[in-house]
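The following exercises are to be worked through with the sequence and the 3D structure in view. Each task is followed by a solution in steps.

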Amino acid sequence: MTKYESNVLVSCIGVDNKQHICLPDSDICKCGVKIRRKKLLKNDHKLFSCYECTF
Ligand SMILES: [Zn+2]
């Protein structure tokens, strides 16, 4: 499962407005939530992180 090694995963914001991680070319987060955007804005670090994606 090398494709899920942390060095290839990027931060993204899901449709639930939480921080997730995903593959750079994917439309869906590691946990299965749809991605709203992959660019993190200035205030996005204040958003909650997805538990499943973080641990
Ligand atoms: Zn997630």
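**Exercise 1.** Which geometry does the site of the zinc ion have, judged by the angles among its four donor atoms?

*Solution.* The model is a predicted one, in which local features need pLDDT of at least 70 and side-chain atom pairs count only at pLDDT 80 or more, while totals for chains, interfaces and linings use all residues. Residues are numbered from 1 along each chain as its sequence is written, and side-chain values use heavy atoms, with hydrogens and water left out.

Step 1. Donors are N, O and S atoms within 2.8 Å of the metal (3.2 Å for Na, K and Ca); water is not among the atoms, so sites may look incomplete. The protein donors here are His20 (ND1), Cys31 (SG), Cys50 (SG) and Cys53 (SG), at 1.9 to 2.4 Å from the zinc ion.

Step 2. Four donors count as tetrahedral if all angles lie between 85 and 135 degrees. The angles at the zinc ion are 103 to 121°, and the site is tetrahedral.

**Exercise 2.** Locate His20 and Cys50 along the chain.

*Solution.* Step 1. The donor residues follow the spacing H-x10-C-x18-C-x2-C.

Step 2. His20 belongs to strand E2 (residues 19–22), whereas Cys50 is in the loop between strand E3 (35–37) and helix H1 (51–54); the two are 30 residues apart and link distant parts of the chain. Helices (H or I, at least four residues) and strands (E, at least two) are DSSP runs, numbered from the N terminus. From that end, the order of elements is β-β-β-α.

Step 3. Both His20 and Cys50 are buried, a term that means under 20% relative accessible area, with exposed over 50% and partly exposed in between (1.4 Å probe, protein chains only).

**Exercise 3.** How many disulfides does a search of the whole structure find?

*Solution.* Step 1. A disulfide is a pair of cysteine sulfur atoms within 2.5 Å. The search finds zero.

Step 2. Cys29 serves as an example: its closest cysteine sulfur, in Cys12, is 3.7 Å away, which is too far for a bond. Cys29 is buried, at 4% relative accessibility.

**Exercise 4.** Which residue forms a salt bridge with Asp44?

*Solution.* Step 1. A salt bridge requires a side-chain nitrogen of Lys or Arg within 4 Å of a carboxyl oxygen of Asp or Glu. The structure holds one.

Step 2. The partner of Asp44 is Arg37, with the closest N and O atoms 2.5 Å apart.

Step 3. Asp44 is buried at 5% relative accessibility, whereas Arg37 is partly exposed at 25%.

Conventions. Four donors count as tetrahedral if all angles lie between 85 and 135 degrees; four count as square planar and six as octahedral if opposite donors are over 155 degrees apart and all others between 65 and 115; anything else is irregular.
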